[in-house]
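Here's a quick briefing for anyone opening this structure for the first time. Have a look at the model, then read on for a tour by topic.

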Amino acid sequence: MPKRVIKEVNSWFERERIVNNLERFQDFIIISLCLGLFCVMLIRLGDMFFSFLHPLDLREITSDILFILILVELFRLLIDYLQNQQISVGAAVEITIVSALREVILRGVLEIPQNQLFGISTFLLVLAVIFITIPLISRIFGHVNSHNHETLSDTEIVANRTVAADEI
């Protein structure tokens, strides 16, 4: 009986089991975030439609629309993460660019102090460089990966031919 208990306790600390449990817990957190974002989107959408009943405030409506679009993109990012178990850096950069531009649009370029405007411009420039270089980097690393796979398959072909030649 004690050996069985010790085996059971040891099985709790197996690396694969721990990793699987942590991944399930992480998926639960992501699903919770998705549900929360979906509820927030519905609430903001309802608020936006109720604001149409009052005199139109273009800045508020623009703010709501851009905020809902940002939430939709975040929701998309989380769904992609659940499917692929990877964060799309390109999508994250897009969301960040839209968020920064939302603040500029809402406050107005003329109302933002020059130092902040310079900082936002630099930030957007860095994000644009990241957004442009992501496909280039993925092509370079993708080419390396596909080259390695071709090399492996060529090696397997040569090995299979050698085995076939030995059998004759």
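D64 is a buried residue, because its relative accessibility of 5% falls under the 20% cut-off. Its side chain meets that of R44 in a salt bridge, at 2.7 Å from N to O. Keep in mind that you're looking at a predicted model.

**Salt bridges**

- The bridge between R44 and D64 ties distant parts of the chain together: R44 belongs to helix α2 and D64 to helix α3, and the two are 20 residues apart.
- What about the other end of that bridge, is R44 buried or partly exposed? R44 has a relative accessible area of 26%, so R44 goes down as partly exposed.
- In total, the structure has two salt bridges.
- In the other one, E103 pairs with R102, and the closest N and O atoms sit 3.0 Å apart.
- Here too the partners get different labels: R102 is buried at 13% relative accessibility, while E103 is partly exposed at 39%.
- As a bit of background, side chains of opposite charge can pair when their charged atoms come close.

**The overall layout**

- The chain has five helices and zero strands, so if you read along the sequence you get the pattern α-α-α-α-α.
- How much of the chain counts as buried? The figure is 17% of the 168 residues.

**The nonpolar core**

- Which residues make up the largest nonpolar core? There are seven of them: I30, C34, L37, M41, L71, L78 and Y81.
- Two elements, α2 and α3, each give two or more residues to this core.
- Helix α2 gives the most, with four residues.

**Aromatic pairs**

- Searching the whole structure turns up two aromatic pairs.
- One of them joins F38 and F75: the ring centres are 6.1 Å apart and the planes meet at 40 degrees, so this pair is tilted rather than stacked or edge-to-face.
- This pair is another link between distant parts of the chain, with F38 in helix α2, F75 in helix α3 (residues 58-84), and their positions 37 residues apart.
- Both rings belong to partly exposed residues: F38 has a relative accessible area of 43%, and F75 has 24%.
- F75 also makes a long-range contact of sorts in the backbone picture: F75 and I30 are 45 residues apart in sequence, with their C-alpha atoms 9.8 Å apart in space.

**A patch on the surface**

- Now for the outside: F25, F28, I29 and L33 form a nonpolar surface patch, and together they have about 410 Å² of accessible area.
- L33, one of the patch members, sits in helix α2, which covers residues 15-51.
- With 44% relative accessibility, L33 counts as partly exposed.

**Helix α4 and its two ends**

- Helix α4 runs over residues 89-107, which makes 19 residues.
- From first C-alpha to last it reaches 27 Å, close to the 27 Å you'd expect at 1.5 Å a residue.
- Which residues of α4 are buried? They are G90, A91, V93, I95, A100, R102, V104 and L106.
- Ahead of α4, in the loop that connects α3 to α4, you'll find Q85.
- Q85 has a phi near 60 degrees, a positive value in a residue other than glycine.
- For context, most residues other than glycine have a negative phi.
- Q85 is partly exposed, with 37% relative accessibility.
- Right after α4 comes G108, and its phi is positive too, near 90 degrees.

**Where α5 comes in**

- I134 is part of helix α5, which spans residues 114-167.
- I134 and V89 are 45 residues apart in sequence, yet their C-alpha atoms are 7.9 Å apart in space.
- I134 counts as partly exposed, at 25% relative accessibility.

Key. Residues are numbered from 1 along each chain as its sequence is written. This is a predicted model: local features need pLDDT of at least 70, side-chain atom pairs count only at pLDDT 80 or more; totals for chains, interfaces and linings use all residues. Side-chain values use heavy atoms; hydrogens and water are left out. Patches are made of residues with over 30% relative accessible area and no salt bridge: like charges are joined within 9 Å, nonpolar side chains (Val, Leu, Ile, Met, Phe, Trp, Tyr) within 5 Å. Accessible areas come from the Shrake-Rupley method with a 1.4 Å probe; for residues, only the protein chains shown count as cover. A salt bridge is a side-chain nitrogen of Lys or Arg within 4 Å of a carboxyl oxygen of Asp or Glu. Buried means under 20% relative accessible area, exposed over 50%, partly exposed in between (1.4 Å probe, protein chains only). The expected span of a helix is 1.5 Å times one less than its number of residues. Rings of Phe, Tyr and Trp (its six-membered ring) pair if their centres lie within 6.5 Å; planes under 30 degrees apart count as stacked, over 60 as edge-to-face and the rest as tilted. A nonpolar core is a set of buried Ala, Val, Leu, Ile, Met, Phe, Trp, Tyr and Cys residues joined through side-chain atoms within 4.5 Å.
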